[in-house]
Each structure stands twice: as structure tokens, then as C-alpha cells.
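I open this notebook to keep track of what I look up in a structure that is new to me. Each entry takes up one topic.

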Amino acid sequence: MTEETPGFEEKPDVPSGATPDDAEPKAAPEEGAAPAGDGTADAGLLAQLDQVRTALGERTADLQRLQAEYQNYRRRVERDRIAVKEIAIANLLTELLPVLDDIGRAREHGELVGGFKSVAESLETVAAKMGLQQFGKEGEPFDPTIHEALMHSYAPDVTETTCVAILQPGYRIGERTIRPARVAVAEPQPGAQTVKAEGSEEDTAGDDKDNGPEEG
């Protein structure tokens, strides 16, 4: 019978060349523990995200500014285009005004007949389509902004300066006058208003006498 030697404990076999520590089991890492360096990585990502957001905001502001400048440029170009067109039309129609005056005089004298009448009416129609408007009528009050007085007289039957004859009609395009109406004007007769006022006072005084107190 084999006798066991007292005081010795049996140990697991250790491979040759291994240290004693290798024979002991290692403790498993605790669950939920963050690996070293993760906090630094998150902070770096947040900083990069902030930089991207800042750059995006700056680029968006630049784009909005460019869009506003482009819209202003388009409006300015359109406004200039319309102004140039209106000036060109006004210059063309201004050159045609003497022809229109001749047509008007021919019509007044009954000479607008035959083929000449057809051509004249076609020209007037085209001018009207381009926005040309004629103005100036006898009997309308004189307005120095649209009338040019070439003749002056006095008349007892007017109460203000009045256009009594249209020597040349005026023309406008929209609100723009390209030629004032050339007219003969008449003003109230000097002293007519004074005489009329004195006559009114005498009539009033006469009425007061007629309406005096009756004798009892």
C-alpha cells in the first residue's frame, strides 16, 4: 500500500515553462464599463459636428445673400429694359408728330380722301397701339403743365383762364407728356368781376329797403 506524505496538497498540472499565475483563472471584465478613450472620442466628434454646423450656416447665409443680390439685379435689369423701351418709343413717336399734325390739318380741310386717308388712319392706329394719346379740347381750363399758351385775349363769358382754341393738339404716352397742347387762352375781362360784385351789393341793398318795417 502506498502511503501519502502528510503536509502536501495536490496541485493541478502546470505545463512546462508556464508561470504559476497562468494556472489561475483571470477575472472577467465588468459589464457596462466603457473602454478607455471613448469619452475623448465623443468630445472630438461633437467638436467636429459644431464646426460642420457653423460652416453650413455660413454657406447658407452666403447663398441667401447671393440670391437676394441676383433678384435685385434682375429687377434692375428689367426696370432699365422697360425704361429704354419707353424712351425709344417716345423718340420714334416724337418724330412722327409733324406727320400726325399734317394728317389732322388735311382732315379739317376735307383733303383726307382716297388712299391717303387709308394710310393716314393706319398710321394713327399704329401710333395709338404704341400708347400715343392725343389731348387738348376747347373750353377746358388752362393748365400750364400740359398747355402752352401761344395767344392771349380777354373774354367776358369766362370765369377763369380757359383754352378757347387748340392750335396744335398735345400728345402723351401714359403719364408722360411728349408735347404740350398749344392753345389760345382767354382770361376774364378786367373789371368784370368787380362790376358784378358791385351789382350784387346794390341788389342786396335794394332788397333790404323793400323789406323795411311796415307802418302801423
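Entry, helix α3. I am working with a predicted model, and I began by checking the length of helix α3, which covers residues 114-129. At 1.5 Å a residue its 16 residues should span 22 Å, and since I find the end C-alpha atoms 23 Å apart, the two values agree. I then looked just past the end of α3, where Gly 131 takes a positive phi of about 100°.

Entry, the chain as a whole. I counted 4 helices and 6 strands, and when I read them along the sequence I get the pattern α-α-α-β-β-β-β-β-β-α. I also looked up burial, and 14% of the 216 residues of the chain count as buried. Among contacts in the chain with a separation of 6 or more, I find that 65% are accounted for by residues 24 or more positions apart.

Entry, the nonpolar cores. Which residues touch the most other members of the largest nonpolar core? In this core of 14 residues, I noted Leu 93, Leu 97, Leu 100, Leu 132, Tyr 171, Ile 173 and Ile 178 as the ones that do. The elements that give two or more residues to this core are α2, α3 and β4 (170-173), and α2 gives the most, with 7 residues. I followed Leu 93 further and, leaving aside its neighbours within four places in sequence, found it in contact with Ala 127, Met 130, Leu 132, Ile 173 and Ile 178. I also noted a second, separate core of 5 residues, which includes Cys 163, Ala 181, Val 183 and Val 185. As general background, I keep in mind that nonpolar side chains tend to be buried together in soluble globular proteins.

Entry, the largest pocket. I turned last to the largest pocket, for which I have a volume of about 430 Å³. Of the 17 residues that line this pocket, I listed Leu 100, Gly 104, Gln 134, Pro 169 and Tyr 171 as the closest to its centre. Two of these names, Leu 100 and Tyr 171, I had already written down for the largest nonpolar core. Which element supplies the largest share of the lining of the largest pocket? I find that it is α2, with 6 residues, while α2 (38-108), α3, β1 (132-135) and β3 (162-168) each supply at least two. Sorting the lining by class, I get 8 nonpolar, 4 polar and 5 charged residues.

Technical notes
Residues numbered from 1 in each chain as written. Predicted model: local features only at pLDDT ≥ 70, side-chain atom pairs only at ≥ 80, totals over all residues. Heavy atoms only, no water. Expected span 1.5 Å × (residues − 1). 1 Å grid on protein atoms, 1.4 Å probe; cavity = no way out; pocket = protein on both sides within 12 Å on 5 of 7 lines; lining within 4 Å. Points joined across faces, edges and corners; volume = space filled by probe spheres on them. Nonpolar A, V, L, I, M, F, W, Y, C, P; charged D, E, K, R; others polar. Core = buried A, V, L, I, M, F, W, Y, C linked by side-chain atoms within 4.5 Å. Buried < 20%, exposed > 50% of the residue type's maximum accessible area, 1.4 Å probe, protein only. Contact = heavy atoms within 4.5 Å.
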